[in-house]
Amino acid sequence: MTYIIIKALSPIFIIMLLGFWAGKRKMVDNQNVSLLNVFVMDFALPATLFTATVQTPWQGILQQWYLVIIIVLAMWITFFVFYFITTKYFKKNASDAAVLTLTVALPNYAALGLPILNSIVGETSATSLSVAICIACGSVFLTPLCLLILEREKALADGSSHHSTLTMLPSLIWRSMTKPIVLCPLLGVICSAFNLIMPEMVIMAIKPLGLASTAAALFLTGLILSARKLKINMVVIVSCSIKLLVQPFIAWGLVLLFGVEGSLAITAILVIAFAAGFFGVVFGNRFGVESPDAEATLLLTSLLNIITLPLFITLTVGL
């Protein structure tokens with residue numbers, strides 16, 4: 001099992017290491033990554049999320065409705081509680097807190113989902129559907145929360161708005177929802193709900209763009225890390241603990257609350273137990289927000305997941 005986990009995590013480290021090496025060797029300018037960020041955030045990742053959601057059968061989503069509820073609630077609880085902790089106790093500004101909180105609350109479904117679940121639950125269409133549902137939940141229900149905060153802080157910093165957050169909310173929601181990273185998966189879900197089948201030519205046309213997304217995002221993350229000095233402090237330790245230990249037990253509590261059993265229960269707990277995803281770091285870079293704690297959390301949770309994930313795999317046996 002440890003081998004399977006290391007095998008699933010190894011591409012993350014290798015591609016991030018390549019980005020880190022390219023930045024350190026000045027092969028790529030690690031101080032100016034805006035062009036690569038635009039490619040990742042506005043083209044590659046939206047293409048991936050759209051194809052994942054538009055090809056997810058609505059009937060299948062309804063059959064795994066409890067998975068949707070558990071995943072969304074586990075991410076929301078983590079997001080709101082940890083955002084409160086980072087702003088009130090660690091005294092972080094709203095933008096830095098939003099980036100760090102998204103990093104902690106959103107697991108790396110895309111990179112770890114299929115390799116891990118196929119080996120534990122079984123390589124079936126239901127497993128692939130579960131991973132697609134998790135990706136959709138993260139992109140539709142969680143990332144807009146971070147975007148709302150970042151857009152609000154950007155508007156306040158630019159002096160383009162002097163209104164209260166409540167007054168700004170409609171425009172903030174509109175600006176967040178029209179971002180490709182949110183709009184594309186949302187359109188995919190809508191098409192799935194109304195049984196609108198995308199022409200195969202359209203899917204095939206954007207598929208190569210989507211295939212590049214994970215590699216490009218990880219390379220970008222490594223590039224960003226190469227320009228920083230990573231430090232392990234109390235914030236990073238708390239972040240890693242919440243991501244790898246507290247959040248999975250939140251999901252476990254929700255599983256017990258809703259009486260979910262079998263493979264669906266195991267899936268819900270294990271996907272939340274995955275290491276932190278790269279969305280927070282990439283989002284922060286797009287808005288000019290540097291969060292060394294988020295970057296350190298991303299790296300450390302990926303390393304420590306080799307230990308914590310087998311723990312939850314063992315604990316969930318027999319559910």
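This passage describes the confidence of a predicted model and its two largest pockets.

The structure is a predicted model, in which local features need pLDDT of at least 70, side-chain atom pairs count only at pLDDT 80 or more, and totals for chains, interfaces and linings use all residues. Residues are numbered from 1 along each chain as its sequence is written, and side-chain values use heavy atoms, without hydrogens and water.

The protein has a mean pLDDT (the predictor's confidence in each residue, from 0 to 100) of 86, with 95% of its residues at 70 or more. Among the elements (DSSP runs numbered from the N terminus: helices, H or I, of at least four residues, and strands, E, of at least two), helix H12 (residues 234–258) has the highest mean pLDDT, 97, and helix H8 (residues 165–177) the lowest, 70.

Pockets were sought on a 1 Å grid over the protein atoms alone; a pocket is an open set of points where a 1.4 Å probe fits, with protein on both sides within 12 Å along at least five of seven lines, and lining residues have an atom within 4 Å of a point. The largest pocket holds about 600 Å³ of space. Its lining comprises 24 residues, with Thr-48, Ala-110, Gly-210, Leu-211 and Thr-214 closest to the centre. Helices H1, H2, H6, H7, H10 and H11 each give two or more residues to this lining.

The second largest pocket holds about 230 Å³. Of its 14 lining residues, Ile-61, Trp-65, Val-68, Cys-137 and Phe-141 are closest to the centre. Helices H3, H4 and H7 each supply two or more lining residues, and H7 gives the largest share, five.

Methods. Grid points are joined across faces, edges and corners, and a volume is the space filled by probe spheres set on the points.
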